[in-house]
Amino acid sequence: MDDIDKIKTQWAKQRPDLNTDPMALIGRISRLSHHLSQEMGKTFAAHGLTSAGFDVLATLLRSGPPHALSPNQLLAAMMVTSGTMTHRIDLLEKDGLVRRIRNPDDKRGVVVALTDKGKKTVDAAVTDHVATQTRLVSHLAPDQQIQLNALLKVFLNGL
């Protein structure tokens, strides 16, 4: 019996008329999300990054050469507000990990590009990030990982 089961038992005594199965499921997912975020945050911090900074750098890296996107392309890929994106880019630029350059396709705009330092940083961080994620799911057998991933996909698509 885990903490969530204990909470369910308490509710069953106080409100036996309620089906708390969804509460238990969401509680476990919430606790899992918190734990995963903390562990991955440690990996990012080891590279001098935050989760938000890593997201920007990783988005630029996975976009492929020249590892540069317009702020609007970053916004679309990351689903954050423009103010939040500007702040993230400002911090990364201050640290020398990205630079704003003229957009070759639109002289009125800019693109955000990885610097050499940014590419080296995110390359190392993503390697460690994948190792952290592998460690975090290692207690699940490969077929359980596939099954859980499929179930979570259905769950997310339903929302």
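These points describe a helix, the sheet and second helix it packs against, and the loop that follows it, in a predicted model.

1. Helix α3 covers residues 51–62. At 1.5 Å a residue, its twelve residues should span 16 Å, and the end C-alpha atoms are 16 Å apart, so the expected and modelled lengths agree. The buried residues of α3 are G53, F54, V56, L57, A58, T59, L60 and L61.

2. Helix α6, residues 116–137, packs with α3 at an angle of about 100 degrees, and the two axes lie 10 Å apart. Because angles of 65 to 115 degrees count as roughly perpendicular, α3 and α6 are described that way. On the α3 side, the contact is made by F54, L57, A58 and L61; α6 supplies K119, V122, D123, A125, V126 and H129. By type, the residues of this contact are seven nonpolar, one polar and two charged. F54, L57, A58 and L61 of α3 also appear among the buried residues of that helix. As general background, an α-helix has 3.6 residues a turn, so residues three or four places apart point the same way.

3. The sheet is open and has three strands in the order β1-β3-β2, with antiparallel pairing. β1 (68–69) and β2 are at the edges; each has a single partner strand, so one side of each has no neighbour in the sheet. Helix α3 packs on this sheet and touches β1, β2 and β3, its direction making about 105 degrees with that of β3.

4. Within the sheet, β2 (residues 98–103) and β3 (residues 106–114) pair over six bridges in the antiparallel sense. A hairpin of two residues joins β2 to β3. V98 has L114 of β3 as its bridge partner. β1 and β3 also run antiparallel, joined by two bridges, and L69 is partnered by V112 in β3.

5. The loop between α3 and β1 deserves a look at its backbone. Just after α3, G64 has a positive phi of about 85 degrees. The peptide bond from P65 to P66 is cis, with omega near 10 degrees, and P66 lies in the loop between α3 and β1. H67 lies in that loop too. Phi of H67 is near 55 degrees, a positive value in a residue other than glycine. For comparison, most residues other than glycine have a negative phi, and most peptide bonds are trans.

6. Is H67 buried or exposed? Its relative accessibility is 13%, and buried means under 20%, so H67 counts as buried.

Methods: Residues numbered from 1 in each chain as written. Predicted model: local features only at pLDDT ≥ 70, side-chain atom pairs only at ≥ 80, totals over all residues. Heavy atoms only, no water. Axes fitted to C-alpha atoms, helices over the stretch in contact; angles between N-to-C directions. Helix = DSSP H or I, 4+ residues; strand = E, 2+ residues; numbered from the N terminus. Parallel < 35°, antiparallel > 145°, perpendicular 65-115°, else oblique. Contact = heavy atoms within 4.5 Å. Nonpolar A, V, L, I, M, F, W, Y, C, P; charged D, E, K, R; others polar. Pairing = 2+ DSSP bridges. Expected span 1.5 Å × (residues − 1). Buried < 20%, exposed > 50% of the residue type's maximum accessible area, 1.4 Å probe, protein only.
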